[in-house]
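Okay, thanks for coming, everyone. Let me put today's model up on the screen.

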Amino acid sequence: MNAQKRYEIFARLREHNPEPTTELDWSTPFELLSAVLLSAQATDVGVNKATARLFPVANTPQGIIDLGLDALKGHIRTIGLYNTKAENLMKTCHLLVEKHDGEVPRTRAELEALPGVGRKTANVILNTAFGEPTIAVDTHIFRVSNRTRIAPGKNVDEVEQKLLRHVPREFRRDAHHWLILHGRYTCVARRPRCGSCVIEDLCEYKEKVELS
């Protein structure tokens, strides 16, 4: 895929959705961090239901600590792996209070030092909370990047590096959200909705005609 085609793809995605954002509900960087930590192997809808119960009671690191681990588990028990997620969130809250004055750090190294925070989560926080042009490659972005040939790669790290090289600078901050939403609602895993895709003629997926 050449640079001109990539530019047109992102120009169309921007025209279709000028201000893309996460579907997780949040109002502060800490709420976003908490929601992302809870979202592994869970739907955004499910996480939003849990945080709608949790955040009115505790939405700061100290608030979570004061709530206590058992009560935290009670608020998020509808989410898969809630025991492990609660323990990681509690450990994260203690570190935020002890080392960062209760604030979410703005560097990758400091974010990835938090329990349960890997590169993907750090990229989400840097991008969505702080406006950095990072791209967190999840299963949706990995699939879309390979299927369309925007940035094919054998693993998430390779896809991320190719996206950072190939996505035109003006689109880089929002590329993460456009690709996730495209993968979630149009370029779905089992039967991509090619017939209703705004970039169908630019996509290089060889089997798209049969699946339209």
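I'll go through one helix pair and then two pockets.

Quick housekeeping: this is a predicted model, where local features need pLDDT of at least 70, side-chain atom pairs count only at pLDDT 80 or more, and totals for chains, interfaces and linings use all residues. Residues are numbered from 1 along each chain as its sequence is written, and side-chain values use heavy atoms, with hydrogens and water left out.

So, the helices, which are DSSP runs of H or I, at least four residues, numbered from the N terminus. Helix α2, residues 29–38, packs with helix α8, residues 119–129, at an angle of about 150 degrees, with the axes 10 Å apart. That makes α2 and α8 roughly antiparallel, the label for angles over 145 degrees. On the α2 side the contact (heavy atoms within 4.5 Å) is made by Pro29, Leu32, Leu33 and Val36, and the α8 residues include Val124 and Ile125.

Now pockets: on a 1 Å grid over the protein atoms alone, a pocket is an open set of points where a 1.4 Å probe fits, with protein on both sides within 12 Å along at least five of seven lines, and lining residues have an atom within 4 Å of a point. The largest one has a volume of about 800 Å³. It has 37 lining residues, and the closest to its centre are Val36, Ser39, Ala40, Lys120 and Asp138. Which helix gives the most to that lining? It's α8, with 6 residues.

The second largest pocket comes in at about 190 Å³. Here α11 gives the most, with 4 residues, and the lining includes Trp178 and His182.

Terms used: Axes fitted to C-alpha atoms, helices over the stretch in contact; angles between N-to-C directions. Helix = DSSP H or I, 4+ residues; strand = E, 2+ residues; numbered from the N terminus. Parallel < 35°, antiparallel > 145°, perpendicular 65-115°, else oblique. Points joined across faces, edges and corners; volume = space filled by probe spheres on them.
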